[in-house]
Amino acid sequence: MTTTATTVGRRSFPWRRVALHAGCLAALLVMLYPLAWLVATSLKPADEVIASLNLLPSKLEWSNYSTALDGVDDVSVGRLLSNSLLIAGGAVIGNVLSCSLAAYAFARLRFRFRGPLFAFMIATIMLPHHAVLIPQYIIFNQLGMVNTYWPLILPKFLATEAFFVFLIVQFMRGLPRELEEAARIDGCGPFRSFFLVVLPLTRPALITTAIFTFIWTWNDFFTQLIYLFSPEKFTLTLALRSFVDASSQSAFGPMFAMSVIALLPIVLFFLAFQRFLVEGMANSGVKG
């Protein structure tokens with residue numbers, strides 16, 4: 001009898017697991033609903049975008065995408081996309097190079113005031129971006145760089161993102177020092193040890209830095225609005241605002257269509273590197 005009861009108990013329906021999966025599925029649907037609404041609204045006729053509460057359109061209005069692909073202010077969507085990729089790509093390269101170099105100095109090298117400098121760098125994470133925006137604008141304006149891409153890319157090559165420096169420092173502190181000592185015995189200096197030994201081992205943290213930099217730079221609206229004036233230099237993010245200003249309410253359909261177009265590179269970039277993102281965040285969180 002005891003054996004039979006135990007067997008029946010083991011074979012009982014896993015209600016707890018089903019409830020957990022159902023809750024996760026419900027949370028997933030809630031998070032995905034805005035994305036589904038965006039895609040569905042991009043295919044709605046102009047009179048249904050605001051007036052109708054239905055998720056699905058009564059008919060598919062593909063002309064919204066053709067209008068969005070024409071661009072704004074005589075600037076094609078291809079030019080807008082290339083501008084966005086140029087800024088985001090430059091920011092990714094700058095952050096990966098500069099932040100990894102700064103992190104290597106804090107994690108491996110011994111120099112005077114290393115502790116206070118590292119603490120000061122960490123404190124800058126709490127500094128609001130708007131607090132330094134006006135001084136930065138004055139500097140770039142005096143250098144003649146306003147209405148160019150330099151104010152959006154150049155600071156990334158100066159290790160100004162303290163969050164990514166801290167992330168890579170935590171990862172590097174978990175790497176065995178014996179590898180660098182062996183390289184030093186073979187005649188490698190600090191730079192060769194960094195590029196040949198440490199940098200390849202920090203790939204998960206570097207890819208995490210690249211993913212977050214790409215997403216944050218791609219979605220950045222306020223900074224680009226401050227520095228870019230000419231329509232031919234606009235990104236997709238700025239073009240969305242110009243689209244609304246140019247055509248008012250009648251352009252909601254094409255505006256949402258352009259939003260879907262602007263969202264695709266981020267989704268593809270994230271899907272391509274999401275495995276490294278999870279690995280980099282996990283390792284950086286437990287090491288150090």
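**Briefing: an all-helical predicted chain**

The buried residues of helix α11 are Ser193, Phe194, Val197, Val198 and Leu199, in a model that is predicted. These buried residues pack against four other helices, namely α5 (77-108), α9 (162-172), α10 (177-185) and α12 (203-219). The secondary structure of the protein chain as a whole comes to 15 helices and 0 strands.

**The chain overall**
- The protein chain has 288 residues, of which 40% count as buried.
- Among the contacts in the protein chain with a separation of 6 or more, 72% are between residues that lie 24 or more positions apart.
- About 16900 Å² of the protein chain is exposed, and carbon and sulfur atoms supply 68% of that area.

**Helix α11**
- Helix α11 runs over residues 190-201 and so has 12 residues, with a reach of 15 Å from its first C-alpha to its last, which is close to the 16 Å expected at 1.5 Å a residue.
- In an α-helix there are 3.6 residues a turn, so residues three or four places apart point the same way.

**Alanine 103 in helix α5**
- Helix α5, one of the helices against which the buried residues of α11 pack, also holds alanine 103.
- Alanine 103 counts as buried because its relative accessible area is 0%, which falls under the 20% cut-off.
- Leaving aside residues up to four places away in sequence, alanine 103 touches Val165, Ile168, Val169 and Met172.
- One of these partners, isoleucine 168, is 65 residues from alanine 103 in sequence, yet the two are 5.8 Å apart in space, C-alpha to C-alpha.

**A nonpolar patch on the surface**
- Leu25, Leu28, Leu29, Met31, Leu32, Leu35 and Val39 make a nonpolar surface patch of about 640 Å².
- Leucine 29, which is one of the residues of this patch, is found in helix α2 (residues 15-41).
- Leucine 29 counts as exposed because its relative accessibility is 55%, which is over the 50% cut-off.

**Cysteines**
- A disulfide is a covalent bond between the sulfur atoms of two cysteines, and the structure holds 0 disulfides.
- Cysteine 24 counts as partly exposed because its relative accessibility of 48% falls between the 20% and 50% cut-offs.
- Cysteine 99, by contrast, counts as buried, because its relative accessibility is 0%.

Note on methods
Residues numbered from 1 in each chain as written. Predicted model: local features only at pLDDT ≥ 70, side-chain atom pairs only at ≥ 80, totals over all residues. Heavy atoms only, no water. Patch = residues over 30% accessible without salt bridge, like charges linked within 9 Å, V, L, I, M, F, W, Y side chains within 5 Å. Areas by Shrake-Rupley, 256 points an atom, 1.4 Å probe, with all protein chains shown as cover. Salt bridge = Lys/Arg side-chain N within 4 Å of Asp/Glu carboxyl O. Helix = DSSP H or I, 4+ residues; strand = E, 2+ residues; numbered from the N terminus. Buried < 20%, exposed > 50% of the residue type's maximum accessible area, 1.4 Å probe, protein only. Contact = heavy atoms within 4.5 Å. Disulfide = S-S within 2.5 Å.
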